[in-house]
Amino acid sequence: MNKLMDKIGRLALLGLLFNVAFGAYNVVFGIITHSWWLLTVGIYYAILSIVRFVVLKTKGSGSFITKFTGVMLMLLSLPLVGTVILAVVRDRGMVMHEIVMIAMAVYSFTKITLAIINIIKSRKSASARLITLRNVSLADACVSIFALQRSMLVSFGEMSATDICIFNAVIGSAVCVIVFLLGLNLVRNKKIFFNTLNVKK
C-alpha cells in the first residue's frame, strides 16, 4: 500500500504542477485578451491546485480530506456553470495557432492518461486519500477535455455558430454534472465511480 501511495502521490504531484502552470497561463492570457472564459478557467485550476495540495500535504483524518475535497468539487461545479454560459452566449472561443492547439491537446491527453492510471491503481483500494486523488484527477481531466473541445471547434471545425453553441452547452453541462457527482461521491463516501463490484455467487 505504501508503494502504491508513493506512485499515486508522484502522479498527483505531476498533476499539481500541470494545474499550476495551466492555471497561470489562462489567467495571464485572460488578462491580456480580456477573456472572461480564460480568467474563469484559470481561477478554477488555481482552486483545484489548492485542493490537490491540501490532499497531498494533510496528515490528518482521511474522512476530513475526503469530505473537504468533495465539498470543494461540488462548489467548483458552480463556476463551471458560468464558463458554460460564457461559452454559449458570449465567448465561444477564438481561433488559435496550430502549435497552441497541439500543446493544449498534449496537455489534455496527458491529464486523461494520468486520470486513467489513477483509476486503475485505486480501483481495488479502500484508501480515502487514493480515492480522493482519483476523483480530483477525473474532475481535472473532464474540464481539460471541455476546454480542448471548445477551442478545436473554433480553430479547426467548419461548424456553424449555432452548432458550436449546442456542442459547448451539451459537453459543458455534462462536465458540470460529472464534477458535481465526483464531489458528491466523496461527501457521501460511497464508491460509485470505476470501482470493481464484488458479486457473491
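Start at the second largest cavity, which has a volume of about 40 Å³. This is a predicted model. A search of the whole structure turns up two cavities of 30 Å³ or more.

**Stop 1: the cavity lining.** Select Trp37, Val41, Tyr44, Leu80, Thr83, Val143, Phe146 and Ala147; these residues line the second largest cavity. Now colour the lining by residue class: seven are nonpolar, one is polar and none is charged. Next, show the helices behind the lining. Helix 2 (36–57), helix 3 (62–89) and helix 5 (128–155) each contribute at least two of the lining residues.

**Stop 2: the core.** Keep Tyr44 selected and add Tyr45, Leu73 and Val179. Within the largest nonpolar core, which has 30 residues, these four touch the most other members. Bring in helix 4 (98–122) and helix 6 (161–188): along with helix 2, helix 3 and helix 5, each supplies at least two residues of this core. Helix 5 gives the most, with nine residues.

**Stop 3: Leu73.** Centre on Leu73 and display its contacts. Leaving aside residues up to four places away in sequence, Leu73 touches Leu48, Asn135, Ala139, Val179, Leu182, Gly183 and Leu186. Val179 is also among the four core residues that touch the most other members.

**Stop 4: Ser108.** Move to helix 4 and pick Ser108. Is Ser108 buried or exposed? Ser108 has a relative accessible area of 2%, so it counts as buried, the cut-off being under 20%. Show its partners to finish: Ser108 touches Ser144 and Leu148, again not counting residues up to four places away in sequence.

Conventions: Residues are numbered from 1 along each chain as its sequence is written. This is a predicted model: local features need pLDDT of at least 70, side-chain atom pairs count only at pLDDT 80 or more; totals for chains, interfaces and linings use all residues. Side-chain values use heavy atoms; hydrogens and water are left out. On a 1 Å grid over the protein atoms alone, a cavity is a set of points where a 1.4 Å probe fits but cannot get out, and a pocket is an open set with protein on both sides within 12 Å along at least five of seven lines; lining residues have an atom within 4 Å of a point. Grid points are joined across faces, edges and corners, and a volume is the space filled by probe spheres set on the points. Helices (H or I, at least four residues) and strands (E, at least two) are DSSP runs, numbered from the N terminus. Ala, Val, Leu, Ile, Met, Phe, Trp, Tyr, Cys and Pro count as nonpolar, Asp, Glu, Lys and Arg as charged, and the others, Gly among them, as polar. A nonpolar core is a set of buried Ala, Val, Leu, Ile, Met, Phe, Trp, Tyr and Cys residues joined through side-chain atoms within 4.5 Å. Buried means under 20% relative accessible area, exposed over 50%, partly exposed in between (1.4 Å probe, protein chains only). Contact means heavy atoms within 4.5 Å.
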